[in-house]
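Reader: Please give me a close look at one part of this model and what surrounds it. Keep it brisk, and put the values next to the claims.

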There are 4 protein chains.
Amino acid sequence: MKKSFASDNWSGACPEIMQALQEVNQGHMAAYGEENEAATAAAVQNFKAHFGESAATFFVYNGTAANVLATSHIMRPYQAIVSAHSAHMNEDECGAPEKISGSKILGIETEDGKIKPEQVKPFLHSIGFQHHSQPKVISISQVTEKGTVYTPDEVKALADFAHSNNMYLHMDGARISNAAVALNMDFHQFTVDVGVDVLSFGGTKNGLMFGEAVVFLNSELAKDFEYHRKQNMQLHSKMRFIAAQFNCYLTDGLWKQNAGHANEMARLLGEKLSELGIIITRPVAANGVFAIIPESKIPAINKEYSFHVWDVNTSEVRLMCAWDTTPEDVEGFVETVKRFL
Amino acid sequence: MKKSFASDNWSGACPEIMQALQEVNQGHMAAYGEENEAATAAAVQNFKAHFGESAATFFVYNGTAANVLATSHIMRPYQAIVSAHSAHMNEDECGAPEKISGSKILGIETEDGKIKPEQVKPFLHSIGFQHHSQPKVISISQVTEKGTVYTPDEVKALADFAHSNNMYLHMDGARISNAAVALNMDFHQFTVDVGVDVLSFGGTKNGLMFGEAVVFLNSELAKDFEYHRKQNMQLHSKMRFIAAQFNCYLTDGLWKQNAGHANEMARLLGEKLSELGIIITRPVAANGVFAIIPESKIPAINKEYSFHVWDVNTSEVRLMCAWDTTPEDVEGFVETVKRFL
Amino acid sequence: MKKSFASDNWSGACPEIMQALQEVNQGHMAAYGEENEAATAAAVQNFKAHFGESAATFFVYNGTAANVLATSHIMRPYQAIVSAHSAHMNEDECGAPEKISGSKILGIETEDGKIKPEQVKPFLHSIGFQHHSQPKVISISQVTEKGTVYTPDEVKALADFAHSNNMYLHMDGARISNAAVALNMDFHQFTVDVGVDVLSFGGTKNGLMFGEAVVFLNSELAKDFEYHRKQNMQLHSKMRFIAAQFNCYLTDGLWKQNAGHANEMARLLGEKLSELGIIITRPVAANGVFAIIPESKIPAINKEYSFHVWDVNTSEVRLMCAWDTTPEDVEGFVETVKRFL
Amino acid sequence: MKKSFASDNWSGACPEIMQALQEVNQGHMAAYGEENEAATAAAVQNFKAHFGESAATFFVYNGTAANVLATSHIMRPYQAIVSAHSAHMNEDECGAPEKISGSKILGIETEDGKIKPEQVKPFLHSIGFQHHSQPKVISISQVTEKGTVYTPDEVKALADFAHSNNMYLHMDGARISNAAVALNMDFHQFTVDVGVDVLSFGGTKNGLMFGEAVVFLNSELAKDFEYHRKQNMQLHSKMRFIAAQFNCYLTDGLWKQNAGHANEMARLLGEKLSELGIIITRPVAANGVFAIIPESKIPAINKEYSFHVWDVNTSEVRLMCAWDTTPEDVEGFVETVKRFL
């Protein structure tokens with residue numbers, strides 16, 4: 001099968017990760033990361049190295065679970081999450097947050113996928129009014145679903161606003177490594193340093209085989225999370241296999257190498273399409289390119305390269321680059337587009 | 001770390017599985033098993049080969065999810081599961097079935113972990129009485145948590161009873177391969193052939209890295225299960241990696257080879273301990289041995305080999321063998337016990 | 001305390017209802033409406049008289065429960081309700097639908113509180129896509145929260161659309177009697193005759209003390225509802241006291257008398273305020289009047305008469321009339337407004 | 001219909017309660033007990049008069065809700081309730097606690113419906129073990145479902161045990177007035193004085209029309225309960241009608257008069273049946289009598305007087321007396337039994 005631009009999760013696991021899985025596959029280790037099992041203990045430490053000593057990290061299977069469990073743990077069902085309407089949690093989880101937490105998501109319409117404190121503010125009117133869900137968590141995606149990246153200042157403004165109003169700030173970091181590269185920063189600079197309370201730390205979209213992490217930057221919030229994870233069916237028995245992937249990912253900059261490459265390929269793709277006269281609808285900030293491709297041409301191109309139509313009304317498509325996208329893939333795609341235009 | 005007899009999930013992934021993961025890790029494939037992605041389509045077919053054409057199979061991450069989602073999909077919250085009190089679903093899931101399904105588990109006390117129709121019968125008094133949860137699913141574990149194995153006739157009696165009373169029969173097959181070897185049968189002989197409606201098919205305890213399967217033998221019951229799985233956070237994006245493991249597991253008898261070995265090691269362990277004068281409390285039917293080890297000796301032995309105390313009152317311990325337990329491991333453990341007695 | 005225009009549920013129980021409660025309070029009757037208890041059996045029949053023989057009616061405590069249980073019974077958690085964003089279910093239940101059903105509400109922005117099939121249509125794109133909640137129930141309010149009333153043709157268009165797409169139509173009839181009077185119709189003409197599947201039939205806002213009804217017009221949908229009601233804490237033990245109220249309400253036109261009076265008072269109030277030069281923002285269709293009262297005058301007027309500000313941005317207020325609002329109340333309010341203008 | 005001994009909730013509302021409902025039915029009052037509505041404010045005060053200044057009281061519709069909401073508010077889904085297996089919460093709520101709280105009930109088999117600290121103790125082994133639900137609330141019924149009454153010392157032992165283990169003590173007081181009379185005590189003596197944390201205070205079984213109260217004796221636990229109540233569909237709009245009943249019930253000893261009468265009738269019934277040679281299986285402590293009536297005679301007697309068979313195996317029946325049971329009812333029943341023996 002040829003490469004695709006459909007999603008970064010169409011890629012496989014990168015070689016370093018496969019190697020790490022191979023290496024941790026030695027004999028017996030305590031299940032569930034219990035009894036101080038070494039790989040898991042090391043992974044928890046690795047997160048502390050990136051996010052500070054008070055980071056409390058728990059591994060789960062996927063991004064849906066990371067987002068849903070991170071938020072539901074710090075709220076009660078009668079409280080609400082405030083997020084962009086376009087947030088993955090709101091749009092693409094088949095109602096998982098509502099089912100698992102029993103709570104409501106209050107959506108904000110945005111142009112670029114980013115929300116601002118003043119957009120959250122109107123929801124505060126509900127506080128103290130027993131007929132309304134009580135806003136408790138602001139959730140932002142970094143990178144957003146529209147390809148944009150929050151600056152640390154923007155995150156800080158939301159965190160400060162949240163904390164001033166007895167709320168928490170959650171970051172959906174399914175593509176947090178791509179954001180870090182885009183910002184040219186370490187993870188902590190746009191998370192713990194600016195007030196994020198809990199983080200979904202993604203790896204699968206950037207070269208892992210499976211597994212994501214819930215990172216409580218405010219470790220008091222982590223209390224009893226192990227039970228919450230277990231009850232919600234997200235405790236892996238052979239935990240070492242998730243832990244080893246994160247150890248590999250976080251130790252020698254694999255996260256940066258993979259994300260840097262994906263972002264660079266997106267930049268290249270945007271540039272080349274632009275040269276063809278294709279309209280790039282949003283600045284290429286991370287590893288996604290949004291572009292207008294004439295509706296009549298999409299089916300033919302799609303036969304050769306998979307990608308998703310983002311907005312049927314405007315014929316805007318989304319093109320995602322992954323850790324394994326090559327310049328030749330980009331070139332091949334651009335040539336194909338050219339051929340059909 | 002030395003081998004342990006704590007649980008079969010303390011083992012790693014077997015070499016064939018590692019090889020299969022390596023091989024499927026080629027380029028891009030559609031995420032979520034969508035768009036007829038090849039590995040997933042093949043795995044679904046492989047289950048049909050074992051369970052018949054009407055088997056509808058869905059992959060999830062772990063056994064908790066397989067059990068909870070298989071059962072909750074075919075009932076409503078006001079209905080109940082009837083199981084042995086000792087069932088993993090009832091005892092060891094931190095309340096996952098109650099949380100995810102909203103329903104009640106009605107437990108039956110058993111000596112050997114197996115339930116009989118006459119033990120389910122008293123719960124039928126609740127049918128039609130609006131103040132009581134309505135029994136809808138009988139759930140049995142094969143192998144049971146007490147190391148016993150249901151015969152096909154025993155399963156059939158429960159299935160017939162269930163169907164006569166408008167109920168379903170679910171089988172928790174976390175160790176279904178060990179059961180098949182113990183019975184010297186193919187899977188279908190003690191499942192679909194005798195009326196099981198839905199099955200949790202386990203692999204992780206027998207050499208897989210991660211991933212279990214929900215197999216609806218009555219495919220009409222599978223309707224809409226994909227949404228149920230997604231909403232409950234069990235849809236893997238890089239699905240090929242679960243599928244490939246099951247393709248490997250089911251194609252050339254890996255399941256039988258691994259389970260057969262584990263069962264044989266348990267037989268050997270039981271025999272050797274017996275020769276030492278240790279009381280083996282239950283017949284060694286599959287890959288677990290239950291034995292009485294004097295309470296005062298347990299801590300010392302446990303320092304060298306991990307295992308779990310099953311019943312603190314009787315000093316009964318549980319010793320599990322895995323696909324990678326060697327005769328030397330057995331010998332070493334027996335020697336250690338001997339030394340401390 | 002003087003009369004208020006805050007809400008029709010600030011009124012008490014009307015004298016006929018008090019009398020009915022008195023009369024049914026004779027000796028012992030089977031609890032829970034069981035064993036063919038007479039008052040409850042009669043009430044169920046009374047609903048058949050209004051809605052046809054296939055109507056299956058169940059009593060619950062309040063409107064929140066009627067709406068939540070009516071809809072959650074006919075869907076699964078991975079399915080969604082589509083409603084106006086302004087629907088009481090979406091806005092004013094503190095997340096009860098999400099908590100109790102585990103499902104999502106997909107909101108539609110409207111000017112007048114009414115939704116149209118073409119506004120529901122875009123949500124159909126989600127059908128068959130496992131990442132999205134599956135639209136299953138369209139819920140409309142009759143009277144709407146913005147004081148408007150659906151015509152039978154408008155209801156029929158939604159019902160036909162729902163049924164063509166394998167969906168159901170639910171009507172929140174918290175003020176269904178006011179709607180019937182406004183339309184000058186019997187209940188069945190704008191419900192069962194035009195395809196409504198299930199109905200929340202309200203009484204409390206129109207003279208009852210407590211109790212609402214869930215009426216399945218398609219009685220097949222009612223299967224097992226008694227368990228759903230019980231599990232969700234809505235089964236009253238002394239059921240006769242809810243039943244007797246509805247027997248009184250439905251037998252000799254009490255519903256029409258009370259609602260007709262409330263609607264007439266609203267008409268009068270709208271007319272008088274209009275004469276003062278107050279802008280009436282929406283046609284007075286039932287028992288609510290929406291009007292612009294200068295922001296600076298509201299607190300003073302509110303000290304004498306309770307009412308709610310509907311839109312702080314436009315200084316629009318909502319004035320509800322009840323079964324016991326008198327022409328003198330209306331006059332008094334208008335005089336007060338006049339005094340402060 | 002003649003009187004019945006089926007349940008105390010087969011009785012109607014007592015005259016004083018009907019009078020109180022009549023009296024509070026004057027004009028408009030703020031809905032939901034909001035804006036310091038007088039009847040509700042008075043009722044909250046009345047509970048303080050009985051249970052001390054720190055009592056925080058909330059009204060709900062029925063006993064199911066009082067029990068489920070009182071407990072679920074002070075725990076998380078991964079925590080568990082420990083109760084007698086015979087507890088109403090466990091046996092007779094169609095799974096409401098599991099559905100609403102998402103948590104597990106751990107049952108204790110008892111002879112007399114009462115549990116002791118040593119029976120709870122084994123469940124503490126689960127604490128800290130992530131695979132097990134974490135015991136958090138001990139729930140006892142006062143009067144128990146088997147007609148027995150806890151002494152203050154017995155309650156205190158459980159409360160002390162709970163608090164020593166970071167747990168709470170909940171009392172299901174559906175028949176708390178009957179217990180108070182049986183103990184010849186004020187409510188506080190066997191609740192707040194001995195460490196109960198939260199109480200379901202029942203009225204419906206003792207002369208009310210509808211409505212129960214959740215009383216947090218430890219008022220810190222009450223934080224945010226109003227949202228929990230609303231989201232779980234238990235907020236009554238015309239709150240005054242519940243409040244007025246409790247004002248009547250608690251002010252001039254109506255609770256004591258009704259319960260005292262019911263208990264006295266039970267004592268009389270037990271005595272008279274005993275004189276007939278009928279075996280009374282449990283001491284008559286409150287308003288229930290448990291007796292052996294020959295199986296062959298039950299249907300005939302049941303045609304004249306309703307009552308429930310408690311244990312089909314032993315032919316034990318339960319006979320409940322209510323606030324309105326008369327000596328003539330008792331006499332009539334005894335004569336009937338005599339006739340058929």
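**From a loop to a helix and its interfaces**

Author: In this predicted model, C:T191 sits in the loop that runs between α8 (176-183) and β6 (198-201) of chain C. Its relative accessible area is 0%, so C:T191 is buried: the cut-off is under 20%. Leaving out residues up to four places away in sequence, C:T191 touches C:F51, C:M171, C:I176, C:V196, C:L199 and C:L217.

Now take α8 in chain A. Why is α8(A) described as largely enclosed by the rest of the structure? Because six of its eight residues are buried. They are A:I176, A:S177, A:N178, A:A179, A:A180 and A:L183. What covers them? The cover includes two strands of chain A, β5 (168-173) and β6 (198-201). It also includes the helices α7 (152-164), α10 and α11 (254-275) of chain A. Just after α8(A), A:N184 takes a positive phi of about 55 degrees.

The helix also belongs to a domain contact. The domain assignment splits chain A into domain 1 (15-253) and domain 2 (255-340). Their C-alpha centres are 28 Å apart. Domain 1 of chain A brings 24 residues to the contact, and domain 2 of chain A brings 17. Together the two domains of chain A bury about 1700 Å² between them, with 55% of that area on carbon and sulfur atoms. Within domain 1 of chain A, the residues that lose the most area to domain 2 are A:N178, A:V181 and A:G253. Those residues together make up 27% of what that side buries. One of them, A:N178, is also among the buried residues of α8(A).

What holds polar atoms across this domain interface? Salt bridges between domain 1 and domain 2 of chain A: zero. Residue pairs in polar contact across the interface of domain 1 and domain 2 of chain A: ten, both residues at pLDDT 80 or more. Which elements take part on the domain 1 side? In chain A, α1 (15-24), α8 (176-183) and α10 (240-251) each supply at least two residues to the side that touches domain 2. Of these, α8(A) gives the most, with five residues. By class, the domain 1 side of this contact in chain A has ten nonpolar, eight polar and six charged residues.

Next, the contact between chains. Chain B and chain A each put 53 residues into it. The area buried between chain B and chain A is about 4700 Å², and carbon and sulfur atoms give 56% of it. The rule finds two salt bridges across this interface of chain B and chain A. A:K230 forms a salt bridge with B:E93; the closest N and O atoms are 3.3 Å apart. Polar contacts across the interface of chain B and chain A come to 42 residue pairs, both residues at pLDDT 80 or more. On the chain B side, the elements that give two or more residues are α1 (15-24), α3 (63-73), α5 (96-101), α9 (225-231) and α10 (240-251). The largest share of the chain B side that touches chain A comes from α3(B), with four residues. The classes on the chain B side are 24 nonpolar, 19 polar and ten charged.

Helix α11 deserves a look in chain C. C:N258 is found in α11 (residues 254-275) of chain C. C:N258 is buried, at a relative accessible area of 4%. C:N258 touches C:C14, C:N206, C:G207 and C:W323, not counting residues up to four places away in sequence. C:A322 is 64 residues from C:N258 along the chain, yet their C-alpha atoms are separated by 7.8 Å.

Last, some backbone points to check. Most residues other than glycine have a negative phi, and most peptide bonds are trans. The peptide bond from A:Q142 to A:V143 is cis, with omega near -5 degrees. A:V143 is in the loop between β4 (134-141) and α7 of chain A. In chain B, a cis bond joins B:Q142 and B:V143, with omega about -10 degrees. B:V143 lies in the loop between β4 (134-141) and α7 (152-164) of chain B.

Two residues that are not glycine have positive phi: A:Y32, at about 65 degrees, and B:C94, at about 50 degrees. A:Y32 lies in the loop between α1 and α2 (38-51) of chain A and is buried, at 15% relative accessible area. B:C94 lies in the loop between α4 (88-91) and α5 of chain B and is buried, at 1%.

Notes. Residues are numbered from 1 along each chain as its sequence is written. Chains are lettered from A and ligands numbered from 1 in the order in which they are written. This is a predicted model: local features need pLDDT of at least 70, side-chain atom pairs count only at pLDDT 80 or more; totals for chains, interfaces and linings use all residues. Side-chain values use heavy atoms; hydrogens and water are left out. Buried means under 20% relative accessible area, exposed over 50%, partly exposed in between (1.4 Å probe, protein chains only). Contact means heavy atoms within 4.5 Å. Domain bounds come from an automatic or database domain assignment. Buried area is the accessible area (1.4 Å probe) that two parts lose on being put together, summed over both. A salt bridge is a side-chain nitrogen of Lys or Arg within 4 Å of a carboxyl oxygen of Asp or Glu. A polar contact is a pair of N or O atoms within 3.5 Å; within protein, one must be able to donate a hydrogen and the other to accept it, and residues adjacent in sequence count only if both atoms are side-chain atoms. Ala, Val, Leu, Ile, Met, Phe, Trp, Tyr, Cys and Pro count as nonpolar, Asp, Glu, Lys and Arg as charged, and the others, Gly among them, as polar.
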